[in-house]
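I sat down with this one to look up a few residues, then the pockets, then the overall fold. These are my notes in the order I took them.

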Amino acid sequence: MELKICVERVARAINSIVLLVIIAIFAKGYETFALAFLAFVSIMMMIWALFDFCPSIWLLSKFLPKCYCECDEDKKETYE
């Protein structure tokens with residue numbers, strides 16, 4: 001199985017790394033900073049859930065291909 005590097009996978013990896021950094025910051029004793037950072041990440045995820053817009057995916061899509069693009073299927077159906 002080939003590991004395909006694409007926007008959604010990279011974004012999920014970044015999300016998990018950010019959460020691990022928050023846990024490390026919390027463990028070091030900087031609770032206020034960790035909770036503020038966690039609140040920011042939670043708000044960004046709520047924006048993603050409510051409006052289907054994720055700034056990190058939008059930014060990464062400028063540099064990486066998408067894992068799944070509905071426009072590719074539309075093109076296949078149109079040209080076949």
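**Entry 1: Leu19**

I began with Leu19, which I found in helix α1. A caution before going on: this is a predicted model.

Is Leu19 buried, partly exposed or exposed? I get a relative accessible area of 34% for Leu19. Buried would need under 20% and exposed over 50%, so Leu19 goes down as partly exposed.

Next I asked which residues Leu19 touches once its neighbours within four places in sequence are set aside. I wrote down Leu38 and Val41. I also checked the spacing to Ala34, which is 15 residues away along the chain from Leu19. The C-alpha atoms of that pair are separated by 9.7 Å.

**Entry 2: Arg12**

I stayed in helix α1, where Arg12 also has its place. Arg12 has a relative accessible area of 52%. The cut-off for exposed is over 50%, so I noted Arg12 as exposed.

I then looked across to Ile57, 45 residues from Arg12 in sequence. C-alpha to C-alpha, Arg12 and Ile57 are 9.4 Å apart in space.

**Entry 3: α2 and the residue after it**

I counted 21 residues in α2. From its first C-alpha to its last, α2 reaches 30 Å, close to the 30 Å expected at 1.5 Å a residue.

Just after α2 comes Asp52, and its phi caught my eye. Phi of Asp52 is near 55°, a positive value in a residue other than glycine. Most residues other than glycine have a negative phi, which is why I made a note of this one.

Where does Asp52 sit? I placed Asp52 in the loop between α2 and α3. Asp52 has a relative accessible area of 67%, so I put it down as exposed.

**Entry 4: the largest pocket**

I looked up the largest pocket next and got about 240 Å³ of space. Which elements give two or more residues to its lining? I listed α1 (7-27), α2 (31-51) and α3 (55-60). Of these, α2 gives the most, with six residues.

The lining of the largest pocket has 13 residues in total. Nearest the centre I found Asn15, Phe40, Val41, Met44 and Ser56. I had already met Val41 as a contact of Leu19.

I sorted the lining by character too: eleven nonpolar, two polar and no charged residues.

**Entry 5: the second largest pocket**

The second largest pocket has a volume of about 160 Å³. I listed its lining as Trp48, Asp52, Phe53, Cys54, Ile57, Trp58, Ser61 and Lys66. Two names come back here from earlier entries: Asp52, with the positive phi, and Ile57, which I had paired with Arg12.

How does this lining divide? I have five nonpolar, one polar and two charged residues for the second largest pocket.

**Entry 6: the whole protein**

I stepped back last. I count four helices and zero strands, and the pattern along the sequence is α-α-α-α.

Buried residues make up 15% of the 80 residues. The protein exposes about 6,700 Å², and carbon and sulfur atoms supply 68% of that area.

For contacts with a separation of 6 or more, I noted that 60% are between residues 24 or more positions apart.

Notes. Residues are numbered from 1 along each chain as its sequence is written. This is a predicted model: local features need pLDDT of at least 70, side-chain atom pairs count only at pLDDT 80 or more; totals for chains, interfaces and linings use all residues. Side-chain values use heavy atoms; hydrogens and water are left out. On a 1 Å grid over the protein atoms alone, a cavity is a set of points where a 1.4 Å probe fits but cannot get out, and a pocket is an open set with protein on both sides within 12 Å along at least five of seven lines; lining residues have an atom within 4 Å of a point. Grid points are joined across faces, edges and corners, and a volume is the space filled by probe spheres set on the points. Ala, Val, Leu, Ile, Met, Phe, Trp, Tyr, Cys and Pro count as nonpolar, Asp, Glu, Lys and Arg as charged, and the others, Gly among them, as polar. Buried means under 20% relative accessible area, exposed over 50%, partly exposed in between (1.4 Å probe, protein chains only). Contact means heavy atoms within 4.5 Å. Accessible areas come from the Shrake-Rupley method with a 1.4 Å probe; for residues, only the protein chains shown count as cover. The expected span of a helix is 1.5 Å times one less than its number of residues.
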